[in-house]
Every structure is written in C-alpha cells, then in structure tokens.
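Colleague: Before I rely on any description of this protein, I should like to hear the reasoning behind each term. Would you take me through it?

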Amino acid sequence: GNDRHRSRVTTPLPPNVRVLPPGEVPPGAVVVRIAWPYNLTAPAGAARLLVFATAEHLGCPGRIAEGSPSWGTLAHGMAVPTRLLTPSLYSLEGLASCGVPRERIALAPHGVSPAAYAPLDAEQRARRRKKRGWEGRFVFLHVGAGTPNKNLKMLLQAFASVAHSVGRDGGDRDGGWWGGKGTLRPTGKQQSRPLLVLKGLEALYGSSAKAKEALQAISPPLSVDGPDADVEIIGAQLSAADMAAMYQSADAYVSASMAEAFQLPLAEATAAGLRVVAPAGGAAEEIIDSRHAVLAPSILEPRSSGRGFVVRVDEAGLKEAMTFVLTNKTMAETARELGPSWATVRLSAEAAADAVLDAAFVGSW
C-alpha cells in the first residue's frame with residue numbers, strides 16, 4: 001500500500017487482508033505487492049513476487065522505484081521468481097511493449113460484488129431518487145478523480161450539447177434523436193431532462209475544483225448544483241453502500257476517458273443494470289456487454305508528451321451515444337435484465353480473487 005494516503009482514506013481493510021511492513025515477510029511467502037512507484041525488488045524471505053502494474057497508455061509505466069530492476073529484467077530471470085499482475089489484455093499489451101515476456105504477465109480483471117449493486121425494485125428506487133432530488137430527471141453518472149485522463153472537458157461539452165437539445169422543459173428542442181442504424185431522426189417524444197452527476201473524491205484528488213474548472217470552458221454553459229441544475233458535483237467520501245445506492249438510483253453511466261487499464265466504474269454500473277456509454281478501444285471493450293452499452297467512436301493516437309497512446313473519443317459520436325441511451329427504453333430494460341448476470345459471470349470479486357490466486361500459486365514460474 002501507499003502510506004502517504006493512509007491517513008486520508010478512512011475505509012478499513014477487510015479483516016482477512018494483512019498489510020505487512022517492509023522486512024516482515026514470513027519465510028517462503030508468496031508476496032503480492034500493490035504499491036507506487038512500482039518496485040520489482042523482492043523482499044527478504046519471499047519465495048515468489050507478484051507485482052500489480054498497469055499500462056493505461058499502452059507503453060511502459062512512468063515510474064519505477066529507485067534501485068528496482070527494470071521491466072526488461074523480467075526477460076532474463078530474477079533471483080526470486082517474479083511476475084506482473086495486470087487487470088486487462090489492453091494493459092498486458094502495454095507491459096509487453098516494455099520487453100516483459102507475456103508469460104511473465106498474469107491477467108486478473110478487477111471485480112465487484114454483484115449482490116451489492118443489484119437493481120432495486122421500482123418503489124425503492126423511486127424513494128431514493130426522490131431523496132436525492134432526481135425525480136423526473138434522466139441521470140447520467142460519472143465516477144472518477146477528475147484527472148486529465150478522465151477527459152472531463154469533452155464529457156461536459158458532449159453533455160451540454162445533449163442537454164441543450166432536450167431543452168429545459170424536457171422537449172426535443174433540435175428535433176434530432178438517434179433513429180437506429182447510425183442515423184439521427186426526430187421522434188416527436190418528450191424526454192426527461194438530463195442531469196450529469198460527477199462523483200469524485202475531494203480529499204484525495206481535489207476533484208470538485210477540477211470539475212468546476214472544466215465547466216468554465218463549456219458552451220452553452222451548464223448550471224451547477226441546486227434543484228434545477230444541469231450538473232451535480234459530489235466530492236465527499238461515501239461508504240461502499242452509499243456508492244452502490246448512487247449507481248442503483250442513476251439511469252446511465254458515461255465515460256470519455258482517454259487512458260485506463262480497466263475502469264472499475266464500468267463494472268459497477270453494469271452490475272447495477274445501467275446503460276453504459278464509453279469510448280471504443282482500450283480496456284472498456286473487455287468489461288462491457290454491447291447489448292446494453294454504446295461504444296462512442298474513437299481512435300488511438302500518440303500522446304502529446306511521453307511515450308504511448310491515448311484513446312481519443314469523437315465528441316460528436318459521444319453526444320450521439322448519450323442521446324441514444326437517453327431515448328431508448330428497450331435498452332434500459334435490457335441493461336436491467338442482462339447487466340447483473342453479465343457482472344456475475346464475468347466481473348465478480350470472486351472471479352478476480354481466483355485469478356490472483358491462480359497467478360500466485362498455479363503453474364511454473
């Protein structure tokens with residue numbers, strides 16, 4: 001873990017998880033290291049070392065601890081058998097580009113508890129939405145730090161275009177809705193006025209200030225907070241139960257992220273039965289089910305600074321994808337029915353734990 005953040009995040013570790021101080025490794029132990037910067041030096045006494053690492057830019061991760069062996073050293077053998085652990089094939093390809101043999105990289109997707117996110121019945125959901133002030137609104141949820149890779153400015157600009165098209169009375173102002181087969185056509189229907197909820201973590205990332213800064217560049221402008229606002233910003237640290245309730249009360253989840261090794265909120269939204277909008281390409285395609293998700297067009301392009309690539313989503317395509325999930329009731333029913341089962345089979349915490357244990361104990365090192 002990272003001691004620098006331990007005093008700022010109060011959520012306790014599960015009782016069966018031990019954080020071992022440096023130097024306190026039982027002889028012969030298999031050590032799973034989750035730390036930053038990355039460190040490939042095995043602690044004294046370890047029989048095997050499994051290091052969690054990600055390559056969200058499809059290139060070598062930026063920082064490695066002073067004195068640590070380099071990524072390429074894994075190709076030549078280590079005094080203590082060492083593997084990397086990463087959550088997606090996309091990230092695995094990035095680590096492999098650093099010279100790490102693929103057989104030295106284990107895949108263990110992140111997992112969620114499907115039961116904790118299971119959709120609510122209509123009465124429970126209505127009560128929670130009323131308590132939040134979300135009655136009569138179509139709620140797009142976004143969960144993230146607000147860091148540059150989250151691409152908040154583009155997300156907000158696409159949402160502003162959608163909100164402007166719908167109009168403040170919920171009507172179709174511009175007469176353009178997704179009519180299927182990639183075309184836009186008017187439907188003549190009244191739509192719920194959308195609300196974008198940005199959930200960050202102020203104590204750790206200063207996410208609220210990042211969101212407000214991005215909002216200043218948006219045209220047409222979006223109103224923030226208040227009973228009739230376009231955007232609601234939540235920076236408080238919430239319990240796991242409160243976070244699950246937020247997903248269960250929303251209508252859709254949206255991401256415009258440019259660089260992710262996984263995107264756990266996509267899995268959480270899927271488990272909650274939400275419709276999902278995310279950029280095509282990247283790790284998102286390994287998480288979501290296309291039957292209740294829309295992938296916005298995107299391309300891989302080289303980073304402007306540093307090595308690797310970013311997923312550059314098309315803003316117009318993102319707007320159309322958001323419009324589609326806003327207006328397609330059939331997709332809402334499909335997501336509610338199929339999302340939780342998809343999460344149970346493909347994205348469960350149990351499956352994630354099994355993958356870590358297999359990486360640590362199964363097969364030849």
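Modeller: What follows is a discussion of a predicted model, term by term.

Colleague: Let us begin with the charged pairs. What makes Arg102 and Glu93 a salt bridge?

Modeller: The closest N and O atoms of Arg102 and Glu93 are 2.5 Å apart. The rule asks for a side-chain nitrogen of Lys or Arg within 4 Å of a carboxyl oxygen of Asp or Glu, so the pair qualifies. Side chains of opposite charge can pair when their charged atoms come close. By this rule, the count comes to nine salt bridges.

Colleague: Why are Arg102 and Glu93 called partly exposed?

Modeller: The relative accessible area of Arg102 is 47%, and that of Glu93 is 38%. Buried means under 20% and exposed means over 50%, with partly exposed in between. Both values fall in between, so Arg102 and Glu93 are partly exposed.

Colleague: How do you know that Asp251 and Arg129 form a salt bridge, and which parts of the chain does the pair link?

Modeller: The N to O distance for Asp251 and Arg129 is 3.1 Å, and the cut-off is 4 Å; the pair therefore counts as a salt bridge. The two residues are 122 residues apart, and the pair links distant parts of the chain. Asp251 lies in the loop between helix H8 (240–249) and strand E10 (252–254), whereas Arg129 belongs to helix H4 (residues 122–132). Both Asp251 and Arg129 are buried.

Colleague: What makes Glu260 and Lys150 a pair that ties together separate parts of the sequence?

Modeller: Glu260 forms a salt bridge with Lys150, with the closest N and O atoms 2.6 Å apart. Glu260 sits in the loop between E10 and helix H9 (264–271), and Lys150 in the loop between strand E5 (137–143) and H5, so the bridge joins parts that are 110 residues apart in sequence. Relative accessibility is 14% for Glu260 and 15% for Lys150. Buried means under 20%, so Glu260 and Lys150 are both buried.

Colleague: Which residues do salt bridges with shared partners join into one network?

Modeller: Arg125, Arg129 and Asp251 are joined in that way.

Colleague: Turning to the helices, why are H5 and H7 called oblique to each other?

Modeller: The axes of helix H5 (residues 152–166) and helix H7 (residues 207–215) come within 9 Å and cross at roughly 55°. Angles under 35 degrees count as roughly parallel and those from 65 to 115 as roughly perpendicular. The angle of H5 and H7 belongs to neither class, and they are therefore oblique. Their crossing is right-handed.

Colleague: What makes H5 and H11 oblique?

Modeller: The argument rests on the angle again: the axes of H5 and helix H11 (residues 315–327) cross at roughly 50° and come within 9 Å. That angle is not under 35 degrees and not in the range 65 to 115, so H5 and H11 are oblique. H5 passes H11 in a right-handed crossing.

Colleague: Why does Phe361 count as exposed?

Modeller: Its relative accessibility is 53%, and exposed means over 50%; Phe361 therefore meets the definition. Phe361 is in helix H13 (residues 349–361). Together with Leu357 and Val362, Phe361 forms a nonpolar patch on the surface, with about 300 Å² of accessible area together.

Colleague: Finally, the backbone. How do you know that the peptide bonds at Pro37 and Pro220 are cis?

Modeller: The evidence is omega: about -5° for the bond joining Trp36 and Pro37, and near 0° for the bond from Ser219 to Pro220. Pro37 is in the loop between strand E1 (29–33) and strand E2 (46–52). Pro220 is in the loop between H7 and strand E9 (231–234).

Colleague: What makes phi worth a remark at Leu58 and Asp225?

Modeller: Most residues other than glycine have a negative phi, and most peptide bonds are trans. Leu58 has a positive phi of about 55° although it is not a glycine, and phi of Asp225 is near 60°. Leu58 lies in the loop between E2 and strand E3 (82–86), and Asp225 in the loop between H7 and E9. At 21% relative accessibility for Leu58 and 35% for Asp225, both residues count as partly exposed.

Terms used:
Residues are numbered from 1 along each chain as its sequence is written. This is a predicted model: local features need pLDDT of at least 70, side-chain atom pairs count only at pLDDT 80 or more; totals for chains, interfaces and linings use all residues. Side-chain values use heavy atoms; hydrogens and water are left out. Patches are made of residues with over 30% relative accessible area and no salt bridge: like charges are joined within 9 Å, nonpolar side chains (Val, Leu, Ile, Met, Phe, Trp, Tyr) within 5 Å. Accessible areas come from the Shrake-Rupley method with a 1.4 Å probe; for residues, only the protein chains shown count as cover. Helices (H or I, at least four residues) and strands (E, at least two) are DSSP runs, numbered from the N terminus. Buried means under 20% relative accessible area, exposed over 50%, partly exposed in between (1.4 Å probe, protein chains only). Axes are lines fitted to C-alpha atoms, for helices over the stretch in contact, and angles run from 0 to 180 degrees between N-to-C directions. A crossing is left-handed if the near helix is turned anticlockwise from the far one by less than a right angle, and right-handed if clockwise.
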